[in-house]
Amino acid sequence: MKKILVIGNGFLGKSINLFKSENYEITCVSKNNSELTVDIRNIKSLEKIIIKTNPQIIINCAALTNVDEIEKNSKEAFEVNSYGAENIAKIASKYNIRLLHISTDSVFDGKKGMYSEEEIPIPINEYAKSKKLGEDLVINNSKNFVIIRTNFYGINNEKKFLLNWVIDNLKNDKKIIGFNNIIFSPLEIKNLVNMLLELSENNFQGIIHLSSNEPISKYYFAKKISNILGFNEKNIIKGNIEDIDFVAKRPNNTSLSNSLAKSILKTKIISLDEWLIQNKSKLG
């Protein structure tokens with residue numbers, strides 16, 4: 001049985017922690033965990049947890065992600081997303097632990113789309129800059145690592161994030177704006193978890209993009225949800241990101257090429273349509 005330490009108890013960290021398998025013993029730690037508390041900004045705190053849990057694999061999901069708040073005050077984001085990641089890489093290397101570090105599709109400037117792993121990131125906001133620096137520090141301090149750039153959706157029990165926001169508004173017959181010029185290629189979160197666990201087992205090292213097969217705009221993402229679940233699609237208004245006064249700039253097209261992932265992973269990629277149809281009774 002492989003012992004996996006998940007750092008961070010956000011949406012992805014909790015989803016990994018809920019995975020049930022006789023092949024893995026999964027422990028989730030975070031800054032706010034009352035039983036196993038860790039502050040990744042403090043390398044001694046990290047080492048204490050590593051000694052206590054003795055994992056073979058670390059999956060680092062810890063991150064600050066509020067893009068607009070980070071744009072206004074980026075200090076803590078760099079402490080967590082960059083130097084916290086560096087601390088994890090150092091400790092993982094010291095104890096010969098395989099590290100899976102979760103990054104983001106937002107490290108790209110969004111001018112092109114369908115980015116491959118070889119293309120050079122150009123972050124355009126402070127959040128993306130903190131994540132890109134985190135990638136660099138992981139690479140520079142690791143012996144056995146995978147950096148995963150991704151984007152995901154799914155059923156969140158706390159009713160947060162894009163999918164829940166779309167469904168909750170459409171259920172209540174409220175109008176929403178879907179950005180037609182923001183394009184991404186997200187994976188359903190349980191599909192992503194299966195890929196991460198498969199990656200934890202194989203010998204791949206380096207950067208990998210985990211994404212869906214087809215890029216989609218936020219507008220058509222909402223339209224698909226509406227059409228398949230039977231909501232009133234007239235409540236979805238086509239919008240433009242430039243019409244909203246966000247603090248931080250957003251990249252327009254962060255879709256990722258998943259050719260490398262498909263060449264080395266066996267986990268089937270589930271499309272948005274397929275997942276919505278499978279979960280229609282639960283979501284509608």
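**Rings, charges and one helix**

Colleague: Which residue lies over the face of Phe246?

Modeller: This is a predicted model, so that's the footing for everything here. The distance to the ring centre is 4.1 Å, inside the 6 Å allowed for a charge over a ring. The residue lying over Phe246 is Arg250.

Colleague: And what is the area of the nonpolar surface patch that Phe246 helps make?

Modeller: Phe246 shares that patch with Ile177, Ile237 and Ile244. Patch members need over 30% relative accessible area, and Ile237, at 37%, counts as partly exposed. Ile237 has its place in strand β12, residues 236–239. The patch comes to about 290 Å².

Colleague: How many aromatic pairs turn up, and what is the angle between the planes of Phe19 and Tyr24?

Modeller: Searching the whole structure gives nine aromatic pairs. In the one formed by Phe19 and Tyr24, the centres are 6.2 Å apart and the geometry is edge-to-face, a label that needs planes over 60 degrees apart. The angle here is 65°.

Colleague: Is Tyr24 buried or exposed?

Modeller: Its partner Phe19 has a relative accessible area of 26%, so Phe19 is partly exposed. Tyr24 has 14%, and the cut-off for burial is under 20%. So Tyr24 counts as buried.

Colleague: How far apart in sequence are the parts tied together by Tyr153 and Trp275?

Modeller: Those two rings pair edge-to-face, 5.4 Å centre to centre with 75° between the planes. Tyr153 belongs to strand β6 (residues 152–153) and Trp275 to helix α10 (residues 272–278), so the parts they tie together are separated in sequence by 122 residues.

Colleague: Which residue has its charged end over the ring of Phe184?

Modeller: Phe184 is in a cluster linked by ring pairs, along with Tyr153, Phe221 and Trp275. Of these, Tyr153 and Trp275 are both buried. The charged end over Phe184 is 4.8 Å from the ring centre, and it belongs to Lys218.

Colleague: What span does helix α8 reach from its first C-alpha to its last?

Modeller: Helix α8 runs over residues 218–229, twelve in total. Its buried residues include Tyr219, Phe221 and Leu229, and Gly230, just after the helix, takes a positive phi of about 85°. At 1.5 Å a residue you'd expect 16 Å, and the model is close to that, at 17 Å.

Colleague: Now salt bridges: how many residues apart are Glu47 and Lys94?

Modeller: The count of salt bridges is 16. In the one between Glu47 and Lys94, the closest N and O atoms are 2.7 Å apart. Glu47 is in helix α2 (residues 43–53) and Lys94 in helix α4 (residues 75–94), distant parts of the chain; the separation is 47 residues.

Colleague: Which helix holds both Glu126 and Lys129?

Modeller: Their salt bridge has its closest N and O atoms 3.3 Å apart. Residues three or four places apart in an α-helix point the same way. Glu126 and Lys129 are three residues apart, about one turn, and both lie in helix α5.

Colleague: Which strand does Glu135 reach through its salt bridge with Arg149?

Modeller: The closest N and O atoms of Glu135 and Arg149 are 2.8 Å apart. Glu135 lies in helix α5, so the pair ties that helix to a part 14 residues away in sequence, strand β5.

Definitions and conventions: Residues are numbered from 1 along each chain as its sequence is written. This is a predicted model: local features need pLDDT of at least 70, side-chain atom pairs count only at pLDDT 80 or more; totals for chains, interfaces and linings use all residues. Side-chain values use heavy atoms; hydrogens and water are left out. Rings of Phe, Tyr and Trp (its six-membered ring) pair if their centres lie within 6.5 Å; planes under 30 degrees apart count as stacked, over 60 as edge-to-face and the rest as tilted. Buried means under 20% relative accessible area, exposed over 50%, partly exposed in between (1.4 Å probe, protein chains only). Helices (H or I, at least four residues) and strands (E, at least two) are DSSP runs, numbered from the N terminus. A charge sits over a ring if NZ of Lys or CZ of Arg is within 6 Å of the ring centre and within 35 degrees of the ring normal. Patches are made of residues with over 30% relative accessible area and no salt bridge: like charges are joined within 9 Å, nonpolar side chains (Val, Leu, Ile, Met, Phe, Trp, Tyr) within 5 Å. Accessible areas come from the Shrake-Rupley method with a 1.4 Å probe; for residues, only the protein chains shown count as cover. A salt bridge is a side-chain nitrogen of Lys or Arg within 4 Å of a carboxyl oxygen of Asp or Glu. The expected span of a helix is 1.5 Å times one less than its number of residues.
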